[in-house]
Amino acid sequence: MIELDMIKWIINTLKNEKDTLGEYSYEYATALFMNLSLRNMGKKKCEDPQLEVLKVFNDLLEHENMQVRTFVNGTLYSLLSRPVFKEQAKSMGMDEILSYLMENSDERYRK
């Protein structure tokens, strides 16, 4: 799936069809993305700056669906282990956003 550019397809879908996706589609897309991004090859594919992975997932941090939030958090946890994503996140101000959410979110999302 990684070699077939599913990461790019999912990001483009989440970016371009966000107003038409149903709850199940959001859950499925974010769960699949999280699983693909756990692999080294998946993380490498996510580093493509044209994909804007962190921007897309930053926009989903406060999604109303708790399952989606869980998958978004899992994805960010995985990706932010890489220096390129850490720097990108800092330049976007994600550290402040994540700190705010940690202080003001449900207990299960504070880690």
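**Figure 1. How much of the protein chain is buried.** Of its 111 residues, 41% count as buried. The model is predicted. The chain exposes about 7100 Å². Carbon and sulfur atoms supply 50% of that exposed area. The chain has seven helices and zero strands. Read along the sequence, the pattern is α-α-α-α-α-α-α. Now consider contacts between residues with a separation of 6 or more: residues 24 or more positions apart account for 71% of them.

**Figure 2. Helix H1 packs with helix H2.** Two packed helices are described by the angle between their axes and the distance between the axes. Helix H1 covers residues 6–16, and helix H2 covers residues 23–37. Their angle is about 145°. Their axes lie 10 Å apart. The crossing of H1 and H2 is left-handed. Which residues make the contact? From H1 come Met6, Ile7, Ile10, Ile11 and Leu14. From H2 come Tyr26, Ala29, Thr30, Leu32, Phe33 and Leu36. By class, ten of the residues in this contact are nonpolar and one is polar. None is charged.

**Figure 3. Leu21 sits in the loop between H1 and H2.** Is Leu21 buried or exposed? Its relative accessibility is 18%, so Leu21 counts as buried; the cut-off for buried is under 20%. Leaving out residues up to four places away in sequence, Leu21 touches Thr13, Leu14 and Tyr26. Two of these names appear in the previous view: Leu14 belongs to the H1 side of the helix contact, and Tyr26 to the H2 side.

**Figure 4. Ser78 is a buried residue of helix H5.** The relative accessible area of Ser78 is 7%, so this serine counts as buried. What does Ser78 touch? Setting aside residues up to four places away in sequence, the partners are Ser37, Leu38 and Lys43. With Ser37 there is also a polar pair to look for. A polar atom of the Ser78 side chain lies 3.1 Å from the backbone oxygen of Ser37. Ser37 is the last residue in the range of helix H2, 23–37.

**Figure 5. Leu61 occupies the loop between helix H4 and helix H5.** Helix H4 spans 53–59, and helix H5 spans 66–79. Leu61 has a relative accessible area of 6%, so this leucine is buried. How far apart are the C-alpha atoms of Leu61 and Phe71? The separation is 9.6 Å. Along the chain, the two residues are ten residues apart.

**Figure 6. Asp5 and Glu52 each have a positive phi.** Neither residue is a glycine. Start with Asp5. Where is Asp5 found? It is in the segment before H1. Phi of Asp5 is near 65°. At 34% relative accessibility, Asp5 counts as partly exposed. Next comes Glu52. This residue is found in the loop between helix H3 (40–46) and H4. Phi of Glu52 is about 55°. The relative accessibility of Glu52 is 36%, so Glu52 also counts as partly exposed. The partly exposed class runs between the buried limit of 20% and the exposed limit of 50%.

Technical notes:
Residues numbered from 1 in each chain as written. Predicted model: local features only at pLDDT ≥ 70, side-chain atom pairs only at ≥ 80, totals over all residues. Heavy atoms only, no water. Helix = DSSP H or I, 4+ residues; strand = E, 2+ residues; numbered from the N terminus. Buried < 20%, exposed > 50% of the residue type's maximum accessible area, 1.4 Å probe, protein only. Contact = heavy atoms within 4.5 Å. Areas by Shrake-Rupley, 256 points an atom, 1.4 Å probe, with all protein chains shown as cover. Polar contact = N/O pair within 3.5 Å; in protein donor to acceptor, adjacent residues only side chain to side chain. Axes fitted to C-alpha atoms, helices over the stretch in contact; angles between N-to-C directions. Left-handed = near helix turned anticlockwise from the far one by under 90°. Nonpolar A, V, L, I, M, F, W, Y, C, P; charged D, E, K, R; others polar.
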